[in-house]
Each structure stands twice: as C-alpha cells, then as structure tokens.
Amino acid sequence: MKPDVEIYDTTLRDGSQGEGINFSVTDKIRIAEKLDAFGVHYIEGGWPGSNPRDLEFFAQARKRRFKRAKIAAFGFTRRKAVAVERDEQIRMLLDAETPVITIVGKTWLLHVTEVIRTKPDENLGMIGETIRYLKDHGKFVVYDAEHSFDGFKDAPEYALATWQAAEKAGADVICLCDTNGGCLPADIARITRAAHGKLNTRLGIHTHNDCGLGVANAIAALEVGATHVQGTINGYGERTGNCDLTSVIPTIAFKMNKTGVPASSLPKLRELSLYVDEIANIRHNPRQPWVGQTAFAHKGGIHVHAIERVARSYEHIDPAAVGNHRRVLVSDMSGRTNILVKAAELGFALTPETPELKTILSRIKELESAGFEFEAAEGSLALLIRKILRHEEPPFKIDTYHVSMRGDGATSLCEATVKLRVNDQLAHTVAEGDGPVNALDGALRAALVKFYPQVRKVKLADYKVRILESSVGTAARTRVLIATTDGKDEWGTVGVSGNIIEASLQALTDSLEYALSRKN
Ligand SMILES: [Zn+2]
C-alpha cells in the first residue's frame with residue numbers, strides 16, 4: 001500500500017553536519033539498516049563528491065539488500081558553463097549506483113546572480129539538464145529546491161520557473177527547502193499551496209529548526225499538499241538542526257491520521273531515537289517530544305490521582321503508541337497515591353492495604369528531609385521499596401573501601417581499593433582512575449564482574465553533584481545523582497553525605513545493585 005506521506009531520512013547526510021556528530025562508515029551502515037527495518041522510504045547516505053567516507057558508504061550499501069528503503073546519493077546541479085556529461089561531481093553521483101539521486105539547485109535569484117554568479121537562464125539550464133541526464137540514466141530523481149521560500153518571496157515568477165524546469169525535465173519529487181530555517185508556518189503553507197497549484201509533480205518539504213519551527217513548518221506544508229517530508233532522527237543537523245522525524249512521524253500518524261511508516265513500527269519510535277543517539281554518542285534529550293524520558297512524566301498529588309483514573313485527561317496520546325511509558329515523579333509533595341502509582345510502575349504490587357506502605361512512606365520522607373531526592377533516582381527508590389517489602393539480602397555488601405590521590409602539580413592519579421562480599425565470598429580489588437569516583441567505580445566493577453558478568457554492559461551515563469545548603473548547626477552536604485545505562489534503559493540513583501566520595505559511593509552502589517536486581 002502506498003503511504004500518504006513518504007518519509008525521507010537525511011540523518012546520514014544533513015544530520016551529520018551537526019556539531020558533535022561524526023559517523024564512521026560502520027555507524028552509517030548500522031543506522032541505515034535500522035532505518036530500513038523501521039520503514040522509512042528513502043535514506044540519504046551522503047554526498048559522494050564530498051569525501052572518501054561517503055564513497056565508501058555507497059560501496060558498502062551496494063552489497064546490501066534493503067527491504068523497504070531506497071538509498072539516495074546527494075549532489076548539486078551541474079556547474080555553470082560545463083556540459084552535464086563532463087561534470088565530475090555528476091559522474092561520481094552515478095558511480096554511487098544508488099536507485100535515487102537527490103539534486104539540490106538554486107531557487108533564489110539573489111543566489112543565482114550573487115553567489116554562483118550566473119545568468120538566470122543558465123541556472124534553469126543547470127537544473128533541467130542535470131535532472132534529464134539522471135533520468136536518462138534510469139534514476140529516481142528528487143529535486144531539492146534550495147531557499148524555496150525566500151526565493152519565492154523575493155521573485156515568485158523566477159522561483160516558479162526553476163520548479164517548472166525541474167518538472168519538465170522529469171523530476172520525481174520537487175522538495176521545497178527552507179534552507180536557513182527562517183520562515184514561519186503561514187508562509188510555508190501559502191507558498192507550498194501556490195506551488196501545488198502550479199505543479200503536477202509530487203511535492204516535498206525540507207525544513208530547518210532555526211526558529212524552533214522545523215517540525216511545525218514541515219507539518220504546515222503537509223497540510224496543504226506536500227506528500228514527502230525530509231528530516232533527521234532526533235533533529236540532528238547544522239546550527240539548531242533539521243526537522244525532527246521523531247516528531248514528524250507520530251504527528252502524521254496520530255494527529256493527521258495519515259499513513260507514513262508502517263503502523264507496526266510506531267511503537268519502536270523511542271527505540272530508534274535512542275539507538276541513533278547511542279551510535280552518535282550523544283546523550284538522549286530527556287525533554288524530546290514523544291520519545292523523551294519526561295515526555296509522559298507527571299508530578300504532583302492531585303494530578304497523579306487523576307492520571308490513575310483517566311490517563312486520557314492529562315496525556316495527548318497513549319505513551320506506548322510510540323514505545324514510551326508513563327512516569328510518575330515522586331517529590332515531597334507526594335502523597336500515598338504517588339508512591340502507589342510509582343511502585344506499580346517499578347513492578348511492585350503495593351496497595352493501600354499493604355502493611356509495609358507506612359514504613360515505605362516514612363522512610364522516603366525521612367530521606368527527603370536529609371537531602372535525598374528521588375525524582376530522577378527511580379533506581380534508588382526501587383531498591384528502597386524492595387528492601388522493605390521483600391526483606392531480601394542485597395547482591396553484594398561493601399566491607400571496606402579506601403581512596404587515595406597523589407599529584408605533582410601537573411598531573412594527578414587516584415587509586416581506590418574495595419573489599420566486598422557476595423554471599424560468603426570475598427573480593428578485594430584495586431583500580432586507578434583520573435578522579436576518585438572514577439577509580440572507585442573501576443574497583444567496584446572489577447570486584448563484581450567475577451560474580452556478575454552482566455555488569456560489563458552497565459555504563460555510567462552521567463554524574464552530577466550538588467552542594468545542599470546547610471541549615472543552622474549542620475555542615476553542608478553533597479548530593480550525587482548518577483545516571484546509568486545498560487545500552488537499552490537508563491536509571492538514576494542518588495547518594496547524600498557530608499563527604500562527596502561517600503555520597504558518590506552510595507549512588508554507585510545503588511546503581512549497580514539496581515542493575516543486578518533488574519536481571520532477575
Ligand atoms: Zn538541509
């Protein structure tokens with residue numbers, strides 16, 4: 001079945017222009033395979049004329065079979081005053097041997113005369129001849145019309161003439177681009193509608209997020225006739241990034257009630273988002289719409305009570321529809337309902353009648369007044385409930401530890417030793433690190449890995465320290481929050497002490513204990 005809207009992913013090309021994004025060829029292949037399995041329709045792999053890495057990607061992609069997605073190579077129209085068949089860059093595009101070629105060309109008269117410095121008619125020739133040449137070579141051609149909206153505002157007749165040149169030459173998609181991300185949704189809608197009225201070719205939309213409107217602008221175009229949308233996973237891209245497909249894809253499905261990717265893929269959206277962040281080595285944005293960790297997080301007693309009764313009253317969609325889940329944040333405003341809901345979410349069967357409930361509540365209150373906070377530390381909270389509820393022995397116990405540091409003014413090195421016990425067996429390990437917490441973490445893991453090989457997969461994702469204000473008569477205390485991941489899930493743990501190392505050790509211990517408790 002043909003989808004209402006085609007999804008064109010450019011994470012590997014436009015997305016890789018983003019600061020801090022650097023994909024190896026292997027990374028690109030892995031992401032392409034994931035995108036294909038997810039069900040996007042086109043994957044733009046790179047620009048063969050720009051670097052050897054992109055050439056290598058296409059060489060490897062040729063050897064693979066993609067189930068749904070078609071691979072696209074990206075390039076420019078022929079150079080001015082050069083015959084298309086003699087243009088080196090066009091030859092490299094064909095050499096990439098992709099089924100799809102995407103060509104970017106000039107729409108804005110200002111760019112034609114001032115940037116590439118040629119005549120308006122020559123630009124029309126560059127667009128038409130390049131597209132026709134690629135069509136003659138059997139390619140599916142997407143024409144990316146750069147600065148479509150600025151160009152149209154400046155000289156509508158000329159902008160239209162460039163699109164018509166692409167249409168006449170046989171382009172399969174004409175994609176209007178808001179290249180500098182400066183347009184408003186109303187302009188995007190007005191101009192897309194105008195293009196739609198004059199062209200018969202499928203219209204696409206490519207937006208950037210410079211005004212925070214990347215997604216809104218793409219949707220504005222899809223509402224008035226565009227049926228092809230370009231963007232990147234997690235909104236990677238130059239400056240503030242491209243239109244974020246992790247928002248566009250569910251918006252098409254759940255808000256516009258149109259088909260895009262297969263319906264069965266939608267619950268895998270969060271996983272796709274995390275996967276790409278993981279490969280890019282970027283920390284997932286917790287506030288990312290739809291897929292972020294806080295996208296369905298709720299706080300506050302009354303509110304949580306209502307959520308329990310009617311989830312629909314506070315959520316715009318069922319979180320599971322995009323592979324996310326509801327989270328209830330615990331805070332000192334929270335009453336019994338919060339804890340009950342949170343406990344259920346963490347997998348405990350706790351009811352208002354459970355005899356341990358009172359103990360759990362008073363323990364949480366006590367710790368919160370001592371400076372603990374559990375909102376971002378569900379790992380520690382789960383352990384607390386588990387200990388009171390199930391009276392289980394922890395998977396390990398630390399007998400003693402020692403941390404030392406030496407430095408010569410220029411460099412410093414920390415060393416930690418840990419003596420711990422698993423059942424009746426003792427482990428005694430030492431590790432070095434560039435900081436005390438790092439050394440402690442190393443020693444702890446070295447001891448545990450002998451008993452629990454799964455700790456190898458567990459990584460520290462984030463470490464935060466906050467100095468808590470001292471009240472009269474007490475010394476300042478430190479709160480340490482640690483985020484840990486096993487590559488799939490992430491959890492937080494917390495420690496509080498007058499001593500930063502001690503607070504860190506509490507949080508580290510909880511994080512590993514939680515990791516181990518999850519496995520069984
Ligand atoms: Zn772009």
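This passage walks through the overall build, the nonpolar cores, the zinc site, one helix pair and a few individual residues of the protein chain.

The structure is a predicted model, in which local features need pLDDT of at least 70 and side-chain atom pairs count only at pLDDT 80 or more, while totals for chains, interfaces and linings use all residues. Residues are numbered from 1 along each chain as its sequence is written, and side-chain values use heavy atoms, with hydrogens and water left out.

The protein chain contains 17 helices and 16 strands, these being DSSP runs numbered from the N terminus (helices are H or I, at least four residues; strands are E, at least two). Its C-alpha trace spans about 80 × 55 × 45 Å along the principal axes. Of the 520 residues, 53% count as buried; here buried means under 20% relative accessible area, exposed over 50%, and partly exposed in between, with a 1.4 Å probe and protein chains only. Among contacts (heavy atoms within 4.5 Å) with a separation of 6 or more, 67% come from residues 24 or more positions apart.

Turning to the interior, the largest nonpolar core has 83 residues. Such a core is a set of buried Ala, Val, Leu, Ile, Met, Phe, Trp, Tyr and Cys residues joined through side-chain atoms within 4.5 Å. Ile 7, Tyr 143, Trp 163, Ile 174, Ile 205, Leu 222 and Val 229 have the most contacts inside this core. Apart from it lies another core, of 54 residues, with Ala 382, Leu 389, Ala 427 and Ala 515 among them. Beyond its neighbours within four places in sequence, Ile 205 touches residues including Phe 149, Ile 188, Leu 222 and Val 229.

The zinc ion has Asp 14 (OD), His 206 (NE2) and His 208 (NE2) as its protein donors, lying 2.0 to 2.2 Å from the ion. Donors are N, O and S atoms within 2.8 Å of the metal (3.2 Å for Na, K and Ca), and water is not among the atoms, so sites may look incomplete. Along the chain, the donors follow the spacing D-x191-H-x1-H. His 206 counts as buried because its relative accessibility is 5%, and His 208 is likewise buried, at 4%.

Helix 7 (residues 156-169) and helix 8 (residues 185-198) offer a pleasant example of packing. Their axes come within 11 Å and cross at roughly 45°, the axes being lines fitted to C-alpha atoms over the stretch in contact, with angles running from 0 to 180 degrees between N-to-C directions. The two helices are therefore oblique to each other; angles under 35 degrees count as roughly parallel, over 145 as roughly antiparallel, 65 to 115 as roughly perpendicular and the rest as oblique. On the helix 7 side, Leu 160, Trp 163, Gln 164 and Glu 167 meet Ile 191, Ala 195 and Lys 198 of helix 8.

Some individual residues round out the picture. Arg 445, in helix 16 (residues 436-448), counts as buried because its relative accessibility is 16%. Glu 97 lies in the loop between helix 3 (88-95) and strand 4 (100-106) and has a positive phi, near 55°. Arg 239, in the loop between strand 8 (228-231) and helix 10 (245-255), also has a positive phi, near 50°. Most residues other than glycine have a negative phi. At 52% relative accessibility Glu 97 counts as exposed, whereas Arg 239, at 49%, counts as partly exposed.
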